[in-house]
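Here's a quick walk through one helix and one pocket. Have a look at the model first, then read on.

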Amino acid sequence: LELAQRQLEETEMRVNDLGTMARVDSLRFESELASIEEELAQSESELRTRSIELGRLLGVAPEDALGLGTAETAPAYDVDMSLDEALELSRSQSSEILAAEADVAAAQDRIQVARDSTLPRLDLTASLAVGGMWDDSSAADGYQPGGEPGLVGMVGLSLELPIGNQRARAELAEPRIRAEASELRLEARERQVEAETVTALERLDTARNRVDLARQSVSIARELAEAEQEALLIGTTTTYQVLESQASLRRTELRLLRALVDQTKAAVTLQHL
């Protein structure tokens with residue numbers, strides 16, 4: 001916007017005072033200035049909307065959220081790891097996989113409990129009783145008139161055979177089915193996490209390449225815009241070529257910012273996985 005305002009002032013001076021440019025050139029710069037002002041208004045509105053949404057996530061009131069801002073430089077977050085390292089970390093650290101493994105372990109425990117109810121049951125019971133009489137004079141030293149205390153012991157065995165235990169077998173079949181389903185869900189989740197990891201790493205590599213290429217494009221577009229501006233001053237180009245080169249510079253700068261954002265998002269996604 002500042003560049004367009006400055007160019008319009010210079011053009012109007014050359015049209016009105018020097019007479020070296022036509023009125024149509026001034027109109028083109030005025031049109032460009034109006035277009036940029038409209039884009040700026042839309043961007044400011046979008047910024048306020050996102051500030052309010054960010055405030056909602058942070059628990060900040062809307063009027064206070066409008067004061068939230070960002071750093072002057074674009075975020076540039078990256079993660080450096082190979083495909084094997086990423087897959088190994090995702091398999092061992094993924095919360096989704098760990099939760100699925102816990103479900104499988106719990107299902108195996110339920111199978112063991114249900115299996116126990118189908119097996120023969122053997123119980124061993126034992127009891128021991130001591131009886132006797134003491135008087136006041138013998139209680140202190142443990143002496144009992146008439147000899148040793150009377151001892152009574154009993155040992156018993158109880159055997160239950162699962163004859164016709166259809167209910168227990170049916171209860172065993174259900175946790176087995178649930179365990180198989182849990183194992184299938186675990187396998188599916190592992191494949192999903194692996195696919196997401198490979199995809200995130202591929203997107204990160206692509207974003208890195210886009211950032212490098214976009215930086216080169218910005219450098220070239222800036223040189224071209226400056227050259228066109230200098231050519232306009234000496235009258236060897238047109239205002240249309242100048243405006244087109246400046247629009248191309250803005251587009252390449254926007255592509256660079258988007259590539260940096262995509263790189264950051266891919267890195268965060270990969271780290272989460």
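Let's start with helix H5, which covers residues 95-116 of this predicted model. H5 has 22 residues and runs 32 Å from its first C-alpha to its last, close to the 32 Å you'd expect at 1.5 Å a residue.

Which residues of H5 are buried? They are Ile97, Ala100, Val104, Ala107, Ile111 and Ala114. These buried residues sit on the same side of H5, because they cover an arc of only 100° around the axis. Their cover includes helix H4 (83-93) and helix H6 (166-233).

Gln112 also belongs to H5. With a relative accessibility of 39%, Gln112 counts as partly exposed, since buried would mean under 20% and exposed over 50%. The C-alpha of Gln112 is 9.6 Å from that of Arg176, although the two residues are 64 apart along the chain.

Now for the largest pocket, which holds about 1,700 Å³ of space. Its lining is made up of 35 residues, and those nearest the centre are Ser43, Arg250, Glu253, Leu254 and Leu257. Helix H1 (2-18), helix H2 (23-58), H6 and helix H7 (239-272) each put at least two residues into that lining. H2 gives the most, with 11 residues.

Here's how the lining of the largest pocket divides by residue class:

| Class in the lining | Number of residues |
|---|---|
| Nonpolar | 16 residues |
| Polar | nine residues |
| Charged | 10 residues |

So H6 turns up twice: it is part of what covers the buried residues of H5, and H6 also supplies at least two residues of the pocket lining.

Terms used:
Residues are numbered from 1 along each chain as its sequence is written. This is a predicted model: local features need pLDDT of at least 70, side-chain atom pairs count only at pLDDT 80 or more; totals for chains, interfaces and linings use all residues. Side-chain values use heavy atoms; hydrogens and water are left out. Helices (H or I, at least four residues) and strands (E, at least two) are DSSP runs, numbered from the N terminus. The expected span of a helix is 1.5 Å times one less than its number of residues. Buried means under 20% relative accessible area, exposed over 50%, partly exposed in between (1.4 Å probe, protein chains only). The arc is that of the directions from the helix axis to the C-beta atoms. Contact means heavy atoms within 4.5 Å. On a 1 Å grid over the protein atoms alone, a cavity is a set of points where a 1.4 Å probe fits but cannot get out, and a pocket is an open set with protein on both sides within 12 Å along at least five of seven lines; lining residues have an atom within 4 Å of a point. Grid points are joined across faces, edges and corners, and a volume is the space filled by probe spheres set on the points. Ala, Val, Leu, Ile, Met, Phe, Trp, Tyr, Cys and Pro count as nonpolar, Asp, Glu, Lys and Arg as charged, and the others, Gly among them, as polar.
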